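Work through the exercises below with the sequence and the model open. Each task is followed by a solution in steps.

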Amino acid sequence: MTIAILGAGAIGQLLAHQLASSGCQPLLIVRPDKCCQPLQKFTLETRDGSYCRMFPCLAIDAAATEFSNISLLIVTLKAYQVVNTLSALLPKLSQHCQLLLLHNGLGPHRQLIPLLAGRGLSLGTTSQGALRIGERQIRHTGSGITQLGDITGPAMPKKLQSQLLQAIPDSEWCDDIMPALWGKLAVNAAINPLTAIDNIPNGALAEKHYQQQIQTVIAELVKIAKFEGLSLDNDTLLQRVNQVISLTATNYSSMQQDIQHQRLTEIDAINGYLLQLAQQHDVELPVNQSLVAQVKCLQTQLIRCSH
């Protein structure tokens, strides 16, 4: 059973190393320009030392026969890359290939479901920290819980579940993954846009100036979650957000980093996803609306300046 990882960014590389440590040799699916050799060296830095491993790499535009033995495809792309990339790749995958999406935010799974042709789809969230310091070199910056669960189609085979749970530290399988995903969505919705807009580390959000905005973001998220059939506790989510702010005080969010490096952000899959649901249910979320507008304006300005 071959496990492949689509997206060799920080989290993709971290999972590859963790799978390798447990005795599984994952395949990395990369862009054609990144597939210079079929076997490439990747380096993981941890507090215990540095580890170098060789991983097989396959270009995403390779012939369909190269993908036929993949049993599980772990997708660690940016949220906005998922649907277009998988639309081209799905016809090459076996009908029995299971997909696992691991990205910030929500939304791509809804667009992907009609394209699955009977394949199983699982979703996950991780609070592990990884920093990319080179093309094929990362630093493990923090431990955290990883939660996985099925969302539609055939369930992930138990053998694959066991491989993942054995390989990934502090991981668990959830019969209902949606509450976990919404919990992570709350953290991202509260922290990412504010840190990106004001160009600040996470810890700055502990200031009183930001706390009212954070409380309103969470209140709006809880409100729209009810329309989706989810009962979330406002106080619990606020406590979790402020805990993350405290534990990652010196860190910069992924959205802040995207803005600083003049890249597209995942705003559409985070606060933007809440707005999509709000429109479906004819509800207004003014604070989230404002944050989305500000991030998109900033994003457009910075990208325009880079050209």
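**Exercise 1: Surroundings of Ser-50**

Leaving aside residues up to four places away in sequence, Ser-50 touches Thr-43, Leu-44 and Glu-45, where contact means heavy atoms within 4.5 Å. This is a predicted model, in which local features need pLDDT of at least 70, side-chain atom pairs count only at pLDDT 80 or more, and totals for chains, interfaces and linings use all residues. Residues are numbered from 1 along each chain as its sequence is written, and side-chain values use heavy atoms, with hydrogens and water left out.

Task: find the strand that holds Ser-50, and give the separation of the C-alpha atoms of Ser-50 and Arg-139.

Solution. Step 1: Ser-50 belongs to strand β4, residues 49-59; helices (H or I, at least four residues) and strands (E, at least two) are DSSP runs, numbered from the N terminus. Step 2: Ser-50 and Arg-139 are 89 residues apart along the chain, and their C-alpha atoms are separated by 8.9 Å.

**Exercise 2: Helix α1**

Task: check the span of α1 against 1.5 Å a residue, then state which of its residues are buried.

Solution. Step 1: the expected span is 1.5 Å times one less than the number of residues. Step 2: for the twelve residues of α1 (residues 10-21) this should give 16 Å, and the end C-alpha atoms are 17 Å apart, which agrees. Step 3: the buried residues of α1 are Ala-10, Gly-12, Gln-13, Leu-14, Leu-15, Ala-16, His-17, Gln-18 and Leu-19. Buried means under 20% relative accessible area, exposed over 50%, and partly exposed in between (1.4 Å probe, protein chains only). Step 4: nine of the twelve residues are buried, so α1 is largely enclosed by the rest of the structure. Step 5: just after α1, Gly-23 has a positive phi of about 100°.

**Exercise 3: Two helix pairs**

Task: classify the packing of α6 with α7 and of α5 with α9.

Solution. Step 1: axes are lines fitted to C-alpha atoms, for helices over the stretch in contact, and angles run from 0 to 180 degrees between N-to-C directions. Under 35 degrees counts as roughly parallel, over 145 as roughly antiparallel, 65 to 115 as roughly perpendicular and the rest as oblique.

Step 2: α6 (residues 208-227) and α7 (residues 234-247) pack at about 135°, with axes 10 Å apart. The two are therefore oblique to each other. Residues making the contact include Ile-214, Ile-218 and Val-222 of α6 and Leu-237, Val-241 and Ile-245 of α7. The contact residues divide into nine nonpolar, four polar and no charged. Here Ala, Val, Leu, Ile, Met, Phe, Trp, Tyr, Cys and Pro count as nonpolar, Asp, Glu, Lys and Arg as charged, and the others, Gly among them, as polar.

Step 3: the axes of α5 (residues 178-198) and α9 (residues 271-280) come within 9 Å and cross at roughly 115°. α5 and α9 are therefore roughly perpendicular to each other. Trp-182, Leu-185, Ala-189 and Pro-193 of α5 meet Asn-271, Tyr-273, Leu-274 and Leu-277 of α9. This contact has seven nonpolar residues, one polar and no charged.

**Exercise 4: Positive phi in loops**

Task: place Ala-117 and Asn-199 and give their accessibility class.

Solution. Step 1: most residues other than glycine have a negative phi. Step 2: Ala-117 has a positive phi near 55° and lies in the loop between α3 (108-112) and β7 (121-126). With a relative accessible area of 52%, Ala-117 is exposed. Step 3: Asn-199 has a positive phi of about 55° and lies in the loop between α5 and α6. At 39% relative accessibility, Asn-199 is partly exposed.
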